[in-house]
Amino acid sequence: MVFFAETETSSMRKTKILWVDDEIDLLRPHIIFLEGKGYVLSTASNGSDAIELVEKEDFDLIFLDENMPGLSGLETLQKILLIRPNTPVVMITKSEEEDIMDAAIGSRIADYLIKPVNPKQILLSIKKNIDTRKLITSKTTSDYQAEFSNLSMQMASASGFDDWVEIYKRLLHWELELDTSSDTGMSEVLQMQKNEAESEFGKFVRNRYLRWVDPSETNKPVLSPSIMKNYVFPRLRNSEKVVFLLIDNMRFDQWRRMQPIINQYYQTQTEELYCSILPTSTQYARNAIFSGLMPASIQKMYPEYWLNDDDEGNKNEFEKELLLEQLQRNGLKSRLYYEKIFSNRNCSKLIENLNGVMQNDLIVLVYNFVDMLSHANTDTEMVRELASTDSAYRSLTLSWFQHSQMIDLFRELARNRVKIVVTTDHGTIRVSHPVKVVGDRTTSKNLRYKLGKNLSYNPKEVFEITNPERAQLPKSSVSSRYIFALKNDFLAYPNNYNHYVKYYTNTYQHGGVSMEEMMLPIICLTPRDLI
């Protein structure tokens with residue numbers, strides 16, 4: 001049971017305000033009024049004194065008179081912003097002249113007021129610039145507290161994949177809301193509830209997965225091999241041109257952060273979550289999407305296109321060939337363009353050649369940056385520090401997207417009036433708990449799943465598939481088996497254990513069983529009417 005204790009937030013610290021005016025003594029009634037409301041006021045009667053105070057102390061808000069002897073308000077503003085660029089400054093002026101207003105606004109003021117000001121105007125400006133975030137934090141916290149019990153009951157009664165989709169969406173909603181909150185205590189409570197959800201989801205997958213991959217089962221979620229058949233082929237049969245954009249290793253929360261930018265050019269027609277097959281890794285899940293088959297069937301029907309975990313070579317080298325085979329099996333003669341994009345330069349070249357590309361019926365683009373970011377989080381100390389939390393990981397993904405050529409690609413595709421299906425092959429999870437596994441030299445290297453014939457482990461700590469054929473998975477020997485890490489676990493070897501655990505703890509990995517890795521967005525986008 002979780003008890004909601006009062007947590008320390010920035011709202012418990014009194015707001016500090018600096019008021020700069022050469023007639024500050026005449027403003028004593030206003031200052032007394034604000035102090036009565038709980039604000040801490042400091043004052044200065046000229047720009048030079050104000051700058052000295054700003055150098056010594058960090059204020060939450062500054063009221064600055066525009067018309068002062070000596071340093072003017074605008075000159076003082078420029079020096080303040082050099083010292084404290086993130087401190088909101090409210091300019092107060094006697095003049096309504098447009099050039100003064102333009103100069104003040106151009107200098108990044110937070111607000112401006114025209115003299116004479118009254119206490120209510122001042123209070124409103126404070127609330128708009130300082131208290132808004134505190135009020136939002138307070139409301140978000142209280143709303144999540146009210147939702148906490150409902151989510152717990154929903155987890156206890158979940159019986160189908162759709163139930164877990166709803167739970168995941170609601171947890172993610174609060175996670176994104178609390179991204180902007182200063183209530184770190186409530187974020188910790190949410191993380192505890194999310195960990196509980198991951199644990200219960202792991203039990204759910206253990207009980208249901210082998211039924212889902214049974215070809216005779218009808219009551220199951222959309223799985224990786226059905227993506228093209230469900231979302232792309234019907235559009236092609238309707239003579240629609242379709243762009244299929246697969247962003248490798250993209251989680252639902254990352255999509256939600258990018259979506260508002262894309263909505264400048266596209267409106268969301270449908271947004272659903274499908275279920276990745278296991279292992280939730282590129283080799284298995286993405287080949288399943290492009291082939292329309294489970295991995296064992298790919299190996300059987302197209303052995304020249306399948307490489308096992310212990311084989312040398314690119315495990316996804318034949319995606320285009322697998323997709324062409326799938327189109328043919330489904331009686332589609334659509335002209336296909338396929339490209340993997342690894343850099344902004346690749347994307348820019350694609351945009352330059354877009355007129356030619358658009359002569360095809362189906363344009364398939366695989367974008368690899370998010371996957372590269374995930375791997376860099378493991379291999380590069382600087383990236384690991386930049387993406388040290390899920391919130392930071394989302395922020396880093398958004399920053400990349402905002403400065404990438406991918407936005408230009410969306411804009412140009414919208415101008416060409418083409419519909420887009422956006423999805424991913426698998427997600428990723430930040431791992432923090434090691435689970436010991438012993439294997440021989442032939443055991444696969446992935447941290448979230450292992451394939452091998454001589455594996456030693458605690459079966460209570462993993463999801464084991466002792467008969468790969470039941471899961472429609474390839475096997476390299478008669479005794480091969482798969483095990484999958486659950487929730488935020490990762491599989492660690494006992495030799496050199498401490499170094500191994502230290503190196504991989506708090507990195508982003510994929511291949512196992514978690515909501516982030518398995519519950520994946522698939523979005524159908526339609527161009528906006530006016531671009």
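**Figure 1. Salt-bridge network in the predicted model****.** A network of salt bridges connects E175, D179, K194, R251, D253, R257, D390, R394 and E516. The structure as a whole holds 27 salt bridges.

**Figure 2. The E175–R394 salt bridge****.** This close-up shows one pair from the network, E175 and R394. Their closest N and O atoms lie 3.4 Å apart. The pair joins distant parts of the chain, with E175 in helix α6 (residues 161-179) and R394 in helix α17 (residues 390-402), 219 residues apart. E175 has a relative accessible area of 11% and is therefore buried. R394 is also buried, at 1% relative accessibility.

**Figure 3. The R286–E319 salt bridge****.** The side chains of R286 and E319 pair with an N to O distance of 2.6 Å. R286 belongs to helix α10 (residues 282-291) and E319 to helix α12 (residues 319-329); the two are 33 residues apart and link distant parts of the chain. R286 is buried, with a relative accessible area of 2%, and E319 is buried at 1%.

**Figure 4. The D408–R411 salt bridge within helix α18****.** D408 and R411 meet through their side chains at 2.9 Å, N to O. Both residues sit in helix α18 (residues 406-415), where a spacing of 3 residues is about one turn of the helix. R411 is partly exposed, with a relative accessible area of 22%.

**Figure 5. Confidence of the model and residues 5-11****.** Mean pLDDT for the protein is 89, and 92% of its residues reach 70 or more. Residues 5-11 have pLDDT below 50, and this stretch has 11 contacts in the model beyond near neighbours in sequence. Predicted coordinates should not be read in detail where pLDDT is low.

Key. Residues are numbered from 1 along each chain as its sequence is written. This is a predicted model: local features need pLDDT of at least 70, side-chain atom pairs count only at pLDDT 80 or more; totals for chains, interfaces and linings use all residues. Side-chain values use heavy atoms; hydrogens and water are left out. pLDDT is the predictor's confidence in each residue, from 0 to 100. Contact means heavy atoms within 4.5 Å. A salt bridge is a side-chain nitrogen of Lys or Arg within 4 Å of a carboxyl oxygen of Asp or Glu. Helices (H or I, at least four residues) and strands (E, at least two) are DSSP runs, numbered from the N terminus. Buried means under 20% relative accessible area, exposed over 50%, partly exposed in between (1.4 Å probe, protein chains only).
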